[in-house]
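Here is a short briefing to read alongside the model. Please have the sequence and the 3D view open as you go.

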Amino acid sequence: MTAMPPLHRLKVHEDARGKLVAIEGPGDIPFAIGRVYYIVAGDGSSRGFHAHRTLQQVMMCVHGSCRVVLDDGRARSEYSLDRPDEALAVGPMTWREMHDFSPGAVLLVLASDRFDEDDYIRDYDVFVREATGGAA
Ligand code: T46
């Protein structure tokens with residue numbers, strides 16, 4: 001993924017009618033958008049617990065809030081997504097966990113590619129080995 005702060009603000013077009021946020025890729029995000037999906041919070045469970053080998057993503061909580069943990073195999077960072085104009089970029093080989101969804105929260109995700117289960121690493125030990133070249 002090209003250089004971009006993991007958490008960045010999107011431009012908001014606001015007037016008396018409300019707010020409109022547009023995202024164009026590549027440009028506003030560092031890849032051409034290959035897929036869009038969204039998660040609607042259910043019973044308060046955590047989600048994620050995997051990494052992608054090649055997929056790039058940008059995610060934003062367009063309604064409500066959640067907490068996202070990102071882990072590169074050596075260090076963890078936490079982000080609170082609680083604004084519809086705040087986007088979190090998640091590059092390849094990054095373990096992600098989503099926790100503490102507020103009731104009915106909607107997490108919108110823009111992805112660089114179509115769904116491919118083979119791109120997932122769902123075992124944390126395998127992820128750390130691959131991410132650190134066996135050094136961790
Ligand atoms: C990610 C986080 C933020 C599909 O069939 N197509 C899709 O595009 C996606 C994303 C999922 N699925 C199927 C695969 C599973 O049978 O939907 C089911 C639930 O997926 P998963 O358990 O991977 O959902 P999360 O919320 O744990 O993770 C998802 C994305 O999979 C992942 O890429 O980064 O959201």
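Strand β2 (residues 12-15) and strand β3 (residues 18-21) pair in the antiparallel sense, with four bridges between them. Keep in mind that this is a predicted model. The points below start with this strand pair and then turn to the ligand.

**The β2-β3 pair**
- A hairpin of two residues links β2 to β3.
- Across the pair, H13 sits opposite L20 in β3.

**Polar contacts to the ligand**
- The side chain of R47 places an N or O atom 2.6 Å from an oxygen atom of the ligand.
- For H52, a polar side-chain atom is found 2.6 Å from a ligand oxygen atom.
- R122 also takes part, with a polar side-chain atom 3.1 Å from an oxygen atom of the ligand.
- On its own the ligand has 650 Å² of accessible area, and the protein covers 67% of that.

**The shell around the ligand**
- The ligand is surrounded by 14 residues, and those that come nearest are R35, R47, H52, Q57 and Y120.
- Two or more residues of the shell come from each of these elements: β4 (35-40), β5 (47-52), β6 (57-63) and β10 (95-99).
- Which element gives the most to the shell? That is β5, with four residues.
- Sorted by class, the shell holds six nonpolar, four polar and four charged residues.

**Worth a look in the viewer**
- R47 and H52 are both among the residues that come nearest to the ligand, and a polar side-chain atom of H52 lies 2.6 Å from a ligand oxygen atom.

Note on methods. Residues are numbered from 1 along each chain as its sequence is written. This is a predicted model: local features need pLDDT of at least 70, side-chain atom pairs count only at pLDDT 80 or more; totals for chains, interfaces and linings use all residues. Side-chain values use heavy atoms; hydrogens and water are left out. A residue is near a molecule or strand if one of its heavy atoms lies within 4 Å of it. A polar contact is a pair of N or O atoms within 3.5 Å; within protein, one must be able to donate a hydrogen and the other to accept it, and residues adjacent in sequence count only if both atoms are side-chain atoms. Accessible areas come from the Shrake-Rupley method with a 1.4 Å probe; for residues, only the protein chains shown count as cover. Ala, Val, Leu, Ile, Met, Phe, Trp, Tyr, Cys and Pro count as nonpolar, Asp, Glu, Lys and Arg as charged, and the others, Gly among them, as polar. Two strands pair if DSSP finds at least two bridges between them.
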